[in-house]
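Here is a briefing on how two chains meet and how their aromatic rings pair. Have the sequence and the model open as you read.

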Amino acid sequence: MKKRYVYWLMLPGLLFLTLFMLLPIIHTIGSTFFQEGQFTFEGYLHFLRDRYYVDILLTTMQVSLVTTMACIVVGFPVAYHISMLSPRKKGFLLALAIFPLLTSSVVRSFSWIIILGKNGLLNSWLVGLGLIDQPLEILYTPTAVMIGLIHLFLPLLIISLVGVMENIDPDLVKAAESLGSSRFTVFRKVIFPLSIPGLILGSILIFVGSMTAYTTPTVLGGKKRVIATFLYQNAITLNDWNSASVIATIMIVITLLVIGLMTKMSHKFRVKG
Amino acid sequence: MQEKNRGLALFTLLVYVFLLSPLIIIAATSFEPGTIMKFPPQGFSLKWYENIFKQSLFMETFKISIIVSFVGNLLALLLGIPAAYALSRFDFRGKEAWNAVFISPVLIPGIVMGFTMLKYLVVTYHLPMMPALFIGHTVIMLPFTIRVIASSLSNFDFSVEEAALSLGMNRLRTFFVVVLPNIKSGIIAAVIIAFLDSFNNVEISVFMTGPGVSTFPIQMLSYLENHFDPTLAAISVLLMLLTAVLIFIIERLLGLSYFTKR
């Protein structure tokens, strides 16, 4: 009796998600395999044959990969530093990282326009210092999108890594230190390996997040498309629902592949660590 | 040793400068008296703040955003509280799978969800735009609602509930009289976190626009296409203030550890 009662409690939520999230997705994926009532892969072949489409996919991948790497390289030492601070300082720095995380992505992307623009802050500083003669074209390029995305996702990685590092048993660190390990060795042999599962999880979030980001490329990317803005353009501007559905399916497949692969990797490390 | 620490501290400082300076710069430019954003501002004026309230589109979309997140929150609570209760109170077969189901809206790309909802709910089944917007926002809020309330329930001592039950109170009444009041702060925090997620959402809302229907962030994006005056900077400052206040409340209710736990 008790068991069935549990399922009744979750049933409304399940029904809601099935009706309004799952069915629309299945409907969209299904529609990509049919043209005029005929089963076909033409939608995908058309996509892969078009150099322009493939370029957009590759640019998106490249931007996401660089963003993820940069967040890891920059975020890891920062998280390590924060995790070793006193609770007061730690709380303060965490709050400062949470603030941008919860601030509107429109605001955060928009804030880079004035810095990266042709007559923006960065260019006027660089010219003023005599480092360059001509202002750099950064705004409305993939580089600007990358900077915006790193700014968007770095707090996420820092915050979740601090959480992981806080959970490392302090006795392990003490044991290593009492055996004469230097702080760097402790970091290399204890903290780093134990942080890998959390790092992988954070990387998934960032990679998938940058790959599917819409706001930042819309504000900072100019005419150069990434896959999410391309999906919007096909659906709303061009009214090409078939192409939009194909793009949506490709995005779902890549997302699930990345999540699946990385989760497997993180399990592997967890067993070892 | 000390040396390395100082290096790390300096690096951390630089990273925080990178994270926060764009927001500070944008705040400064909001006071620019001229018609183009400049840093540093060439004077001090509040006229762009006044301008926000003169733009009827900003006022209307703000109202819609508030209504959408209110309705979405209500629906997400109705669906989420029973589910969160089931997930944290009982052990049953397939619990992991159920957890995954309720987390799934976070994993599906927002832009894909927005498009498929438009295609299926609005175009195929002729659902009007406004209810579609409510539904879309409920879907993205639900995982946050469930997660925050479940974690608040996991701190609740269920022996209190058992006591009430053994004294003959029925399950439903026990839930409302004993359990619910004890997780009040968790529910308020869940509402705030879900509100922020809905209020800042672009990916779903961008597809759900029509005559008289659009949300605040979408209006900001379309203003940005045609204007370069400091109005958006002024809006950004007001949004940042709102965010800061809400974070402060979340911190009081849950502690910041909510964000570091994953």
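Chain B puts 77 residues in contact with 81 residues of chain A. The model is predicted. About 7,500 Å² is buried between the two chains, and carbon and sulfur atoms give 84% of that area.

**Interface: area and residue classes**

- The size of an interface is often given as the accessible area lost when the parts come together.
- Three residues of chain B lead in buried area: B:Tyr16, B:Phe115 and B:Thr260. They supply 8% of what chain B buries against chain A, more than any other three residues.
- The side of chain B that touches chain A has 59 nonpolar residues. Polar residues there number eleven, and charged residues seven.

**Interface: polar links**

- The rule finds zero salt bridges across the interface of chain B and chain A.
- Polar contacts do occur: seven residue pairs between chain B and chain A, with both residues at pLDDT 80 or more.

**Interface: helices of chain B**

- Several helices of chain B give two or more residues to the side that touches chain A. Among them are H1 (2-29), H3 (56-89), H4 (95-107), H5 (110-124) and H6 (129-153).
- Further along chain B, H10 (216-226), H11 (231-254) and H12 (257-260) also give two or more residues each.
- H1(B) gives the most, with 16 residues.

**Aromatic pairs**

- Over all chains, the structure holds 37 aromatic pairs.
- One of them joins A:Phe76 and A:Phe187. Their ring centres are 5.8 Å apart and their planes lie at 75°, so the pair is edge-to-face.
- That pair links distant parts of chain A. A:Phe76 sits in helix H3 (residues 51-83), A:Phe187 in helix H10 (residues 183-211), and the two are 111 residues apart.
- Both A:Phe76 and A:Phe187 are buried.

**An aromatic pair between chains**

- A:Trp241 and B:Phe115 form a tilted pair, 5.5 Å centre to centre with 35° between the planes.
- This pair crosses between chains. A:Trp241 belongs to helix H13 (residues 241-272) of chain A, and B:Phe115 to helix H5 of chain B.
- Which partner is buried, and which is partly exposed? B:Phe115 is buried, with a relative accessible area of 0%. A:Trp241 is partly exposed at 21%, because buried means under 20%.

**An aromatic cluster**

- One aromatic cluster includes A:Tyr5 from chain A. Its chain B members are B:Tyr85, B:Phe90, B:Phe156, B:Phe158, B:Phe175 and B:Phe176.

Key. Residues numbered from 1 in each chain as written. Chains lettered and ligands numbered in written order. Predicted model: local features only at pLDDT ≥ 70, side-chain atom pairs only at ≥ 80, totals over all residues. Heavy atoms only, no water. Contact = heavy atoms within 4.5 Å. Buried area = accessible area lost by both parts, 1.4 Å probe. Salt bridge = Lys/Arg side-chain N within 4 Å of Asp/Glu carboxyl O. Polar contact = N/O pair within 3.5 Å; in protein donor to acceptor, adjacent residues only side chain to side chain. Helix = DSSP H or I, 4+ residues; strand = E, 2+ residues; numbered from the N terminus. Nonpolar A, V, L, I, M, F, W, Y, C, P; charged D, E, K, R; others polar. Phe/Tyr/Trp six-rings, centres within 6.5 Å; stacked < 30°, edge-to-face > 60°. Buried < 20%, exposed > 50% of the residue type's maximum accessible area, 1.4 Å probe, protein only.
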